[in-house]
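The following exercises concern charge pairing, burial and surface patches in a single protein chain. Each task is followed by a solution in steps.

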Amino acid sequence: MELCSINFRTILHSSPSPRRLSSFSSPSFSLQNSSFKSKPRAFNTLRHSSLTPQIQLFQLGLDRQNSCFHPVSASSSSSSSSSVTADSEIDRLPADLNVTETQEPNSRVKLQVEVPPLVCEDCYKMVIAEFTKQAKVPGFRPGKVPESILVNYVGKKNVQKATVESILRRTLSHAMLKVTGKALQDSIRIVTKFSELEETYSSLGSLRYDVVVDVVPEIKWITEDAYKNMKIVVEVDSDIDAHKASERELRRRHKSIGPLKIITERGLQIGDVTVLDISATTIDQDETKIKNIPSAESKGFHFDTDDGDKVLPGFVDSIIGIRPGETKSFPLVFPESWKQENLRGLHAQFTVTCKELFYRDLPELNDSIADKLLPGHTTVEQVKEILLQRFLEVEQTAREQATDNAILDQLSKMVEVDIPQSLFEEQGRQLYGANLLEIQAKVKLTEQQLASLSSPKAVNEYLEHQRDNITRLIKQNLAVGDIYRRENLQFATEDLVKEVENSIAEFKRQKQEYDEERVKDQVQEILEGAKVLEWLKEHAEIQYITR
């Protein structure tokens with residue numbers, strides 16, 4: 001179906017543009033770590049783009065093959081922040097439009113616009129006036145060409161197309177006043193075929209067209225005060241316990257000092273390091289059904305027995321006593337909590353061959369090695385204290401992040417939102433862009449790989465695969481913004497100034513371009529989100545459970 005899909009940046013501009021945090025990153029506000037990505041921002045003002053002289057018909061972007069209207073103007077390259085109020089720039093029409101608003105699913109509004117003959121005639125006169133100024137008709141002075149001759153020279157069909165474009169340009173801003181303050185940027189499009197517009201104008205001298213636009217979605221809480229006095233259960237990983245983590249780190253540093261020495265006269269003991277060849281198969285009475293388990297196999301696997309809690313339960317006990325060159329075979333069962341879902345509950349037969357065996361020749365853990373454990377310190381107690389303080393900070397940060405995540409997750413379940421497609425796609429593309437940047441930072445991609453990952457197909461597959469996650473994030477962001485307004489929360493102006501300065505300084509240090517207003521908007525959004533989380537934690541009942 002041929003639809004008129006117009007980029008309305010040439011006609012409508014919002015007061016500030018929507019905040020897109022995918023383009024913002026600074027030391028103070030990391031995009032990947034921020035829970036507040038993007039909130040919808042509506043058009044508050046309208047801008048009318050003046051009629052481009054139709055003598056330059058093809059520069060307007062009129063696609064004759066598809067008969068679809070894509071207006072192009074110099075204003076499209078200007079900043080969307082350079083907008084003015086609707087009253088000051090929308091020109092007056094000689095007659096009122098008839099605009100009917102219809103609500104559609106996914107927070108979309110359909111506007112049925114009827115343009116009366118008087119407006120169409122006025123637009124026709126403007127088009128003729130422009131053609132008269134610019135057309136160079138042999139035998140006539142500029143501006144003195146009779147209308148009938150001018151129309152024949154330019155072509156009646158071209159004049160008609162130009163008139164329809166003029167009508168759309170002049171009337172769309174007026175029609176969009178119906179959704180002022182609600183329409184989402186870049187979501188507006190005319191869905192009526194251009195050929196139908198031409199036919200209607202040609203036969204009736206008037207015009208009718210349909211516009212669809214996404215609007216800011218309404219947030220419905222399960223109960224009016226659902227977010228107040230929340231009861232949150234936060235699961236905390238036992239690995240972040242500061243005392244246990246600092247003990248592990250001290251042991252790791254101690255072991256790094258001691259050289260590895262070969263063992264020849266005894267078998268494996270706890271504390272040793274070994275090199276193993278490991279293979280595994282499924283267990284079945286029917287030998288024809290036995291299969292290898294590739295993900296459980298490894299050649300030349302360096303295994304520190306102190307890391308026994310990181311491998312399959314029962315593995316370490318099964319290889320205790322094994323000697324270099326010896327092979328042991330034993331059955332194990334993958335627990336239901338195993339990370340690889342396809343292995344959970346699977347009965348497997350392991351075969352392990354010991355290739356090499358080492359022990360660490362550790363020095364005694366006393367003050368004489370304190371400087372080796374942590375340079376600049378003279379006692380083991382100092383080392384322990386410093387390591388504990390470091391891990392206490394890590395634990396606090398992890399607990400706070402886990403608490404924030406638990407609160408945000410519960411918020412998303414407390415609201416019902418009819419999410420606009422344009423908002424879903426924007427949030428999804430931001431996430432995909434951030435993921436792509438992370439990949440590029442870790443792996444050098446070829447141009448072909450980057451093109452493949454950036455293709456519409458790859459992006460759309462990501463959007464579909466991550467639909468639930470994207471939807472959850474949008475609901476969280478909308479809920480946070482609603483709470484900020486409801487509770488009249490505020491943050492200190494000096495905080496905003498400080499963080500903006502820090503962010504800009506980092507952009508300059510890295511010699512990256514930036515938009516100061518965009519940076520300010522994004523920092524402000526994150527500060528608002530942080531203030532909401534702070535308020536929610538003060539009013540919530542929080543229980544921590546170690547797993």
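## Exercise 1: A salt bridge across the sequence

Glu101 counts as partly exposed, because its relative accessibility is 28%. The model is a predicted one.

**Task.** Determine which residue forms a salt bridge with Glu101, and where the two partners lie.

**Solution.**
1. The partner of Glu101 is Lys182, with the closest N and O atoms 3.8 Å apart. The cut-off for a salt bridge is 4 Å, so this pair qualifies.
2. Glu101 belongs to strand β3 (residues 98-104), while Lys182 is in the loop between α4 (156-175) and β5 (189-190), so the pair ties together parts that are 81 residues apart in sequence.
3. Lys182 has a relative accessibility of 33% and therefore counts as partly exposed.
4. Side chains of opposite charge can pair when their charged atoms come close.

## Exercise 2: Burial of paired charges

**Task.** Classify the partners of the Arg253–Glu249 and Asp272–Arg266 salt bridges as buried or partly exposed.

**Solution.**
1. Arg253 and Glu249 meet through their side chains at 2.8 Å, N to O. Both residues are in helix α6, 4 residues apart, which is about one turn of the helix.
2. The threshold for buried is a relative accessible area under 20%. Arg253, at 17%, therefore counts as buried, and Glu249, at 15%, is likewise buried.
3. Asp272 and Arg266 form a salt bridge at 2.7 Å, N to O. Asp272 is buried because its relative accessibility is 4%, whereas Arg266, at 24%, counts as partly exposed.

## Exercise 3: From single pairs to the whole structure

**Task.** State how many salt bridges the whole structure holds, and which residues are linked in a network with Glu224.

**Solution.**
1. A search of the whole structure yields 26 salt bridges.
2. Glu224 is linked with Asp482, Arg485 and Arg486 in a network of salt bridges.
3. For context, the protein chain contains 15 helices and 15 strands, and 42% of its 547 residues count as buried.
4. Among contacts in the protein chain with a separation of 6 or more, 76% join residues 24 or more positions apart.

## Exercise 4: Charged patches on the surface

**Task.** Identify which residues form the positive patch that includes Arg248 and the negative patch that includes Asp307.

**Solution.**
1. The protein chain exposes about 30,000 Å², of which carbon and sulfur atoms supply 47%.
2. Lys244, Arg248, Arg251 and Lys310 gather in a patch of positive charge. Arg248 is placed in helix α6 (residues 242-257) and is partly exposed, at a relative accessible area of 34%.
3. Asp237, Asp239, Asp307 and Asp309 form a negative surface patch. Asp307 is in the loop between β11 (298-304) and α7 (315-319), and is partly exposed, with a relative accessible area of 30%.

## Exercise 5: The surroundings of a loop residue

**Task.** Decide whether Ser206 is buried or exposed, and list which residues it touches beyond four places in sequence.

**Solution.**
1. Ser206 is located in the loop between α5 (194-204) and β6 (207-214).
2. The relative accessible area of Ser206 is 13%, so Ser206 is buried.
3. Leaving out residues up to four places away in sequence, Ser206 touches Val115, Pro116, Pro117, Cys120, Thr200 and Tyr201. A contact here requires heavy atoms within 4.5 Å.

Technical notes
Residues are numbered from 1 along each chain as its sequence is written. This is a predicted model: local features need pLDDT of at least 70, side-chain atom pairs count only at pLDDT 80 or more; totals for chains, interfaces and linings use all residues. Side-chain values use heavy atoms; hydrogens and water are left out. Patches are made of residues with over 30% relative accessible area and no salt bridge: like charges are joined within 9 Å, nonpolar side chains (Val, Leu, Ile, Met, Phe, Trp, Tyr) within 5 Å. Accessible areas come from the Shrake-Rupley method with a 1.4 Å probe; for residues, only the protein chains shown count as cover. Lys and Arg count as positive and Asp and Glu as negative; His and the chain ends are not counted. The place of a charge is taken as NZ of Lys, CZ of Arg, CG of Asp or CD of Glu. Helices (H or I, at least four residues) and strands (E, at least two) are DSSP runs, numbered from the N terminus. Buried means under 20% relative accessible area, exposed over 50%, partly exposed in between (1.4 Å probe, protein chains only).
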